[in-house]
Amino acid sequence: MHYHLVTLFPEWFSSPFNTALFAKANQAGIVTVDYINPRDFTQNKHHKVDDSPYGGGPGMVLMVQPLLDAIASIPQKGRLIALTPAGKPLTQKLAEELAKEEHLTLICGRYEGFDERLYELLPIERVSVGEAILNGGEVAALALIEATARLQDGYMGKNESGTEESFTQNLLEYPHYTRPESFMDLEVPAVLQHGNHSEINAWRREQALAVTLKYRPDLLAKAVLSEQDRTTLNTLRSRSFAKNIHIALVHHPVLLKNKAAGSSSVTNLDLHDIARIACTYGIASLQIITPLADQKLLVQELIEHWTKGDGARTNPDRAKALSLAQLADNIDEAVTHVEKISGTKPFLVGTSAKAEKDKKGREKRLAVPFHKIAELAEENSLLLVFGTSHGLAPQALEKCDYILPPLRYMGHYNHLPVRSACAIIVDRLLGDIY
Ligand code: SAM
């Protein structure tokens with residue numbers, strides 16, 4: 001592999017390239033490096049490579065001409081890669097793909113980065129090494145070089161040592177142990193000491209799943225998982241915070257057709273479907289809120305039919321779901337019910353199809369992203385508040401400690417039925433990610 005480094009600071013690389021395996025691989029000709037300094041290609045007498053940004057603002061921008069000429073001087077460039085925070089992430093998959101190339105040209109930014117026209121003039125791919133800003137692209141280029149160089153034949157002692165590592169299967173790696181067997185009362189797991197390979201492999205797979213679930217659950221969505229893996233994950237599942245979550249289905253105060261606050265009627269469909277959603281996701285209770293006596297009677301009758309009457313006998317699954325439902329006169333009473341069940345006062349999390357506005361039409365408070373609300377539920381009880389009819393009235397939203405973002409806020413039409421919105425929101429908070 002031949003790396004062509006377009007950099008203002010070639011000296012940056014001298015120590016890492018003269019150390020350990022890279023130095024050996026370099027001597028053996030497995031990897032080679034050359035430097036192209038854009039400063040050598042400037043057309044001004046001060047060898048300036050940067051200038052102030054159009055439009056103002058802090059910092060300097062790398063000028064396009066010295067970079068363009070520097071890159072043009074490389075006879076065999078291979079793929080052109082700019083290291084930039086705005087790039088696609090450097091992953092093991094990308095490293096494996098790039099490792100197959102014979103030449104790579106790596107363009108290291110500095111200051112505020114490159115004049116955008118560089119990307120218009122050359123077919124440059126953008127790669128980032130993480131969601132942190134470095135001072136220059138050299139460290140990022142080093143990361144890319146190390147990830148691709150070690151995949152070259154003959155670079156590492158044993159060719160196979162790359163195959164089981166973190167990320168190769170979209171799983172993090174299992175933990176490792178070496179001598180001594182016991183250190184400060186911490187023992188090496190017994191299974192690793194007995195030498196039964198199939199047991200060791202099963203243990204390692206389980207550990208890899210556990211570590212990934214704990215630190216990078218997002219990777220599981222891309223991993224190829226067996227039936228056994230899914231069973232393992234289900235037993236390991238750390239996302240048991242569903243029990244901290246309650247749902248309130250509000251029929252008062254809600255916005256009616258004329259945009260005035262009032263009461264809506266209960267519906268059999270909402271009651272059944274939301275109870276089933278709650279039961280499916282392990283949610284602790286469903287609070288049906290209505291102050292109207294006739295509506296309460298209706299709900300009471302339905303709940304009794306399905307939890308104690310004929311319905312319960314013919315459909316025990318439905319009985320289980322509807323046993324989560326409880327009537328409340330108003331939101332405050334629902335809060336008291338939740339407090340009794342969970343032992344703590346819940347945070348109220350409002351839902352709405354629109355951003356919350358004040359009287360002057362300005363956005364009143366920022367919605368809190370779903371993952372933040374999920375984090376909150378790990379340690380606190382939450383009451384998710386859903387409005388029927390045209391949504392929660394302002395006085396109901398004002399009671400809420402947090403507001404979730406509207407679903408499909410980028411679209412023009414987002415009038416979802418409350419039970420559909422409830423299913424989507426609950427799934428975003430608690431859904432399987434694998
Ligand atoms: N103003 C830029 C921004 O906010 O995106 C940051 C410029 S940074 C101070 C200078 C140079 O460091 C970048 O042009 C890029 O080459 C490199 N760099 C910084 N962070 C990086 C990252 N996470 N991945 C890849 N390159 C990075």
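Which polar backbone atom is 3.3 Å from a nitrogen atom of the ligand? Colleagues, that polar backbone atom belongs to Thr84. A polar contact here is a pair of N or O atoms within 3.5 Å; within protein, one must be able to donate a hydrogen and the other to accept it, and residues adjacent in sequence count only if both atoms are side-chain atoms.

Before I continue, a word on the model. It is a predicted one, in which local features need pLDDT of at least 70 and side-chain atom pairs count only at pLDDT 80 or more, while totals for chains, interfaces and linings use all residues. Residues are numbered from 1 along each chain as its sequence is written, and side-chain values use heavy atoms, with hydrogens and water left out.

Let me stay with the ligand. Two further backbone contacts involve Leu83 and Ala132: a backbone N or O atom of Leu83 lies 2.5 Å from an oxygen atom of the ligand, and one of Ala132 lies 2.7 Å from a nitrogen atom of the ligand. The ligand taken alone exposes 580 Å², of which the protein buries 82%; these accessible areas come from the Shrake-Rupley method with a 1.4 Å probe, and for residues only the protein chains shown count as cover.

Which elements give two or more residues to the shell around the ligand? They are strand 5 (79-89), strand 7 (124-128) and helix 6 (137-149). Strand 5 gives the most, with 3 residues. Helices (H or I, at least four residues) and strands (E, at least two) are DSSP runs, numbered from the N terminus. In total, 19 residues surround the ligand, and the closest are Leu83, Glu112, Gly130, Ala132 and Leu134; a residue is near a molecule or strand if one of its heavy atoms lies within 4 Å of it. The shell divides into 9 nonpolar, 8 polar and 2 charged residues. In this scheme Ala, Val, Leu, Ile, Met, Phe, Trp, Tyr, Cys and Pro count as nonpolar, Asp, Glu, Lys and Arg as charged, and the others, Gly among them, as polar.

Strands 5 and 7 bring us to a sheet. It is an open sheet of 5 strands in the order 2-1-6-5-7, with parallel pairing; two strands pair if DSSP finds at least two bridges between them. Strand 2 (32-36) and strand 7 stand at the edges with a single partner strand each, so one side of each is left without a neighbour in the sheet. The twist averages 30° from one strand to the next. Strand 5 and strand 6 run parallel and are joined by 5 bridges, and Arg79 stands opposite Leu104 in strand 6.

Two helices lie across this sheet's strands. Helix 4 (residues 92-99) crosses strand 5, strand 6 and strand 7, at about 175° to strand 5. Helix 6 lies across strand 1 (2-6), strand 5, strand 6 and strand 7, at about 160° to strand 6. Contact means heavy atoms within 4.5 Å; axes are lines fitted to C-alpha atoms, for helices over the stretch in contact, and angles run from 0 to 180 degrees between N-to-C directions.

A further open sheet holds 6 strands in the order 14-13-10-16-15-17, again with parallel pairing. Strand 14 (325-328) and strand 17 (402-403) are its edges, each with a single partner strand, so one side of each lacks a neighbour in the sheet. Strand 13 (residues 285-289) is joined to strand 14 by 4 bridges, with Gln287 opposite Gln326.

Finally, some backbone details. Most residues other than glycine have a negative phi, and most peptide bonds are trans. Tyr111, however, has a positive phi of about 55°. The bond from Arg179 to Pro180 is cis, with omega near 5°, and so is that from His252 to Pro253, with omega near -5°.
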